[in-house]
Amino acid sequence: MQAKYEFEKKYRDQILRCSSCGFCQAVCPIFALTLRPALNTRGKMLLLKEVMDGQIELSQELADTFYTCTTCQACNYTCPAGVEGSEIIEEVRKELYRDGFAPPPLLGVRDSILKQGNVFASAQEERIEIYPPELREKARTGELKSNAETLLFMGCLPSYMDMKIVPSFIKALDSAQVDYTTLGTQETCCGFPLYLMGSEEFESQAKKLIDKIRATGARELVTPCAGCYKTFTTLYPEIGDLGLEVYHSVQYFEKLLCEGRIKLTGEVVGKVTYHDPCDLGRSCNIFEEPRNILKKIPGLELIEMARNRLDARCCGGGGGMQAYNPEMAVDMAALRVRDALEVGAEIIVSGCSACKDNLRKGARTIPREERGKIKIMDITEMVTDTLA
Ligand code: SF4
Ligand code: SF4
């Protein structure tokens, strides 16, 4: 029988392999919140079987189900039948997008990226407002180094929405005397949100950025953004060659620590837990580097949440959920904050600005007497706060 849909050509066997065992349900953050079986991978595979049998068509209603997913990949790792739920969902989104069923809030994000170069529809000139004064001035006056060993790529959320990540990141690199430059106001969104919504514009966005990055002649790129890191290392290779080595800040900081170029001597007294961002953990297998950094901080007691590393519960902010259904994203984050409270953590550290943002919002929904003084930080802040 000829496949009617693109997703069918690629994933028909996997979809048919789903035995409805329900193992994926136990790890799905959407199910944990909604208790709606139709929204976990099992439910989605049942719907796709009906689509392939011609019983139902792609529709707005179906789109609501398929865009209600954080693409956290937790289901992929628990499925005994090898069904890659998140990949299938991403593929179906491409088809839904092509057929005009992408949700309007995501189309708004698309337009911001394509017109303004960032997800917030902000001016590109504002991208450098968060730089430390000296670097900001150089970026403003066009005096940034045109060539340097290392290119720093900040990402949209750390640039526009977070007060601490970019200054902390730069302070740590200055302390290690890293020879760096940035794209300044020429930095644009990596295009990850376009990919997640299924937009074919992802490819052209990526190609333009690849050209800009290659033109710097840098030997390596470092980013504090987990989404950018995942995009550069797992999605761009299908499109073009960045021509340099890509590091996430947790990998780079660990390297600087091992080389003795930075030292963490400031004391942190308290119980700290690390939240694995899906885009670093399950996606890129980065689990130990951030923990190795935290273990080097004097006084810091690193404790693990019951669900950690490959089994970590998603904070709820990925997959476009923060734009598509922000209330649901925040409620999922509250569940993750409760995981941390359960083990007595006083600080949650993550390596993803989107996780930090969403977890902070989630924490605020928990009554003060339950959440106590729990703090949520990015690892760049923890490193800078404890630098020798
Ligand atoms: S764990 Fe795999 S086989 Fe079982 S219901 Fe989920 S997707 Fe289907
Ligand atoms: S990718 Fe995550 S949110 Fe989406 S269905 Fe799988 S477990 Fe649920």
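Two strands are said to pair here if DSSP finds at least two bridges between them, and strands (E, at least two residues) and helices (H or I, at least four) are DSSP runs numbered from the N terminus. The model is predicted, and local features need pLDDT of at least 70, side-chain atom pairs count only at pLDDT 80 or more, while totals for chains, interfaces and linings use all residues. Residues are numbered from 1 along each chain as its sequence is written, and chains are lettered from A and ligands numbered from 1 in the order in which they are written.

**First stop: the sheet with β1 to β4**

Select L221 in β3 and look across to β4, where V246 stands opposite. The next residue to pick is V222, whose bridge partner in β4 is Y247. Both pairs belong to the contact between β3 and strand β4 (residues 245-248), which run parallel and are joined by four bridges. Now turn to the other neighbour of β3: strand β1 (residues 150-152) pairs with β3 (residues 220-223) in the parallel sense over three bridges, and L151 has L221 as its bridge partner there.

With all four strands displayed, the open sheet reads β2-β1-β3-β4, with parallel pairing. At its edges stand β2 (180-182) and β4, each with a single partner strand, so one side of each is left without a neighbour in the sheet. Neighbouring strands of this sheet are turned by 30 degrees against each other on average, direction ignored; such angles are taken between lines fitted to C-alpha atoms, for helices over the stretch in contact, and run from 0 to 180 degrees between N-to-C directions.

Add helix α13 (residues 226-235) to the selection, and β3, α13 and β4 together make a right-handed β-α-β unit. Right-handed means that, with the strands pointing away from the viewer, the path from the first strand over the helix to the second runs clockwise.

**Second stop: the sheet with β5 to β8**

Move on to strand β5 (residues 270-275), which pairs with strand β6 (residues 300-303) in the parallel sense over four bridges; here K271 stands opposite E301 in β6. Four bridges, again in the parallel sense, link β5 to strand β7 (residues 347-350). To see this contact, select Y274, whose bridge partner in β7 is V349, and then H275, which stands opposite S350 in β7.

The whole is an open sheet of four strands in the order β6-β5-β7-β8, with parallel pairing. Its edges are β6 and β8 (375-378), each with a single partner strand, so one side of each is left without a neighbour in the sheet. From one strand to the next the twist averages 35 degrees.

**Third stop: the two ligands**

Centre the view on ligand 1, which is surrounded by 15 residues, the closest being C18, C21, C24, R42 and C79; a residue is counted as near a molecule or strand if its C-beta atom, placed from the backbone, lies within 6 Å of it. Helix α3 (residues 41-52) gives the largest share of this shell, three residues. By class, the shell around ligand 1 has eight nonpolar, six polar and one charged residue, where Ala, Val, Leu, Ile, Met, Phe, Trp, Tyr, Cys and Pro count as nonpolar, Asp, Glu, Lys and Arg as charged, and the others, Gly among them, as polar.

Around ligand 2 there are 16 residues, of which C28, C69, C72, C75 and S86 are the closest. The elements giving two or more residues to this shell are α2 (29-34), α5 (74-78) and α6. Its residues divide into nine nonpolar, seven polar and no charged.

**Last stop: two helix pairs**

Select helix α1 (residues 6-17) and helix α6 (residues 85-98), which pack at an angle of about 155 degrees with their axes 10 Å apart. That makes α1 roughly antiparallel to α6, since angles under 35 degrees count as roughly parallel, over 145 as roughly antiparallel, 65 to 115 as roughly perpendicular and the rest as oblique.

Finish with helix α14 (residues 249-258) and helix α16 (residues 288-295), whose axes come within 8 Å and cross at roughly 45 degrees. These two helices, α14 and α16, are therefore oblique to each other.
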